[in-house]
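Hi,

Here is the structure I said I would pass on. Have a look at it first, and my notes follow underneath.

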Amino acid sequence: MLHVACDGEGFARARGFTRDTLRGWSLDHCRDDAVLVVTELVSNAVKHAVPSAPAGAPEVRLGLALGRARLTLTVSDPGDNAPVFQPSDGCALREHGRGLGIVDALAEEWGWAPRPPAGKTVWATLSTRTLT
């Protein structure tokens, strides 16, 4: 579990934590997709959940869990708002609103759950099988 600071250094630490953990688990073949998914989920948490959080230090946490043939990535944040998936409108030049589309394309599945008393956890699973 990694507490992610809500700044550029926090994003860099989240990516580094993901790369290092996957290297330790001999999952280098999953690294690029996992880092991209983590970046999108953490970015969404910081952009959408942290500003609506109660006063105080916002807490965003990253978790990685290895299961049988799958890797689960979790990002917990203080926001109660559900993630909003916007299906592609065909505009390849749009700068914002594509994050969950990227997660949806790379993950086997993804979703979210409330985290009582306040907040939520957004999760995504990736296959750990190597392509042959």
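Below is what I found, starting from the core and ending with a pocket. Keep in mind that this is a predicted model.

First, the core. The largest nonpolar core has 27 residues, and the members that touch the most others are Leu41, Leu62, Leu73 and Val103. Quite a few elements feed into this core: strands S1 (2-4), S2 (60-67), S3 (70-77) and S5 (120-127), plus helices H1 (8-24), H2 (31-49) and H3 (99-106), each give at least two residues. H2 makes the largest contribution, with seven residues.

That makes H2 worth a closer look. The helix has 19 residues and spans 26 Å from first C-alpha to last, close to the 27 Å expected at 1.5 Å a residue. Its buried residues are Ala34, Val35, Val37, Val38, Glu40, Leu41, Val42, Ala45, Val46 and Ala49. Do notice Glu40 in that buried list. The cover over the buried residues of H2 includes S1, H1, S2, S3, H3 and S5. For one example, take Leu41: leaving aside residues up to four places away in sequence, Leu41 touches Val75, Leu100, Val103, Val122 and Ala124.

Next, the backbone. Most residues other than glycine have a negative phi, and most peptide bonds are trans, so here are the spots I would look at:

- Ser26, in the loop between H1 and H2, has a positive phi, near 55°. Ser26 counts as exposed because its relative accessibility is 59%, and the cut-off for exposed is over 50%.
- Ala69, in the loop between S2 and S3, also has a positive phi, near 65°. With a relative accessible area of 24%, Ala69 is partly exposed.
- The peptide bond from Pro116 to Pro117 is cis, with omega near 5°. Pro117 is found in the loop between strand S4 (109-114) and S5.

Last, what lines the second largest pocket? The residues are His29, Cys30, Asp33, Leu106, Glu108, Leu126, Ser127, Arg129, Thr130 and Leu131. By class, that lining is mixed, with four nonpolar, three polar and three charged residues. The volume of this pocket is about 160 Å³.

If you open the model, I would begin at Leu41, one of the residues that touch the most other core members, and then move on to the cis bond between Pro116 and Pro117.

Cheers

How values were computed. Residues numbered from 1 in each chain as written. Predicted model: local features only at pLDDT ≥ 70, side-chain atom pairs only at ≥ 80, totals over all residues. Heavy atoms only, no water. Core = buried A, V, L, I, M, F, W, Y, C linked by side-chain atoms within 4.5 Å. Buried < 20%, exposed > 50% of the residue type's maximum accessible area, 1.4 Å probe, protein only. Helix = DSSP H or I, 4+ residues; strand = E, 2+ residues; numbered from the N terminus. Contact = heavy atoms within 4.5 Å. Expected span 1.5 Å × (residues − 1). 1 Å grid on protein atoms, 1.4 Å probe; cavity = no way out; pocket = protein on both sides within 12 Å on 5 of 7 lines; lining within 4 Å. Points joined across faces, edges and corners; volume = space filled by probe spheres on them. Nonpolar A, V, L, I, M, F, W, Y, C, P; charged D, E, K, R; others polar.
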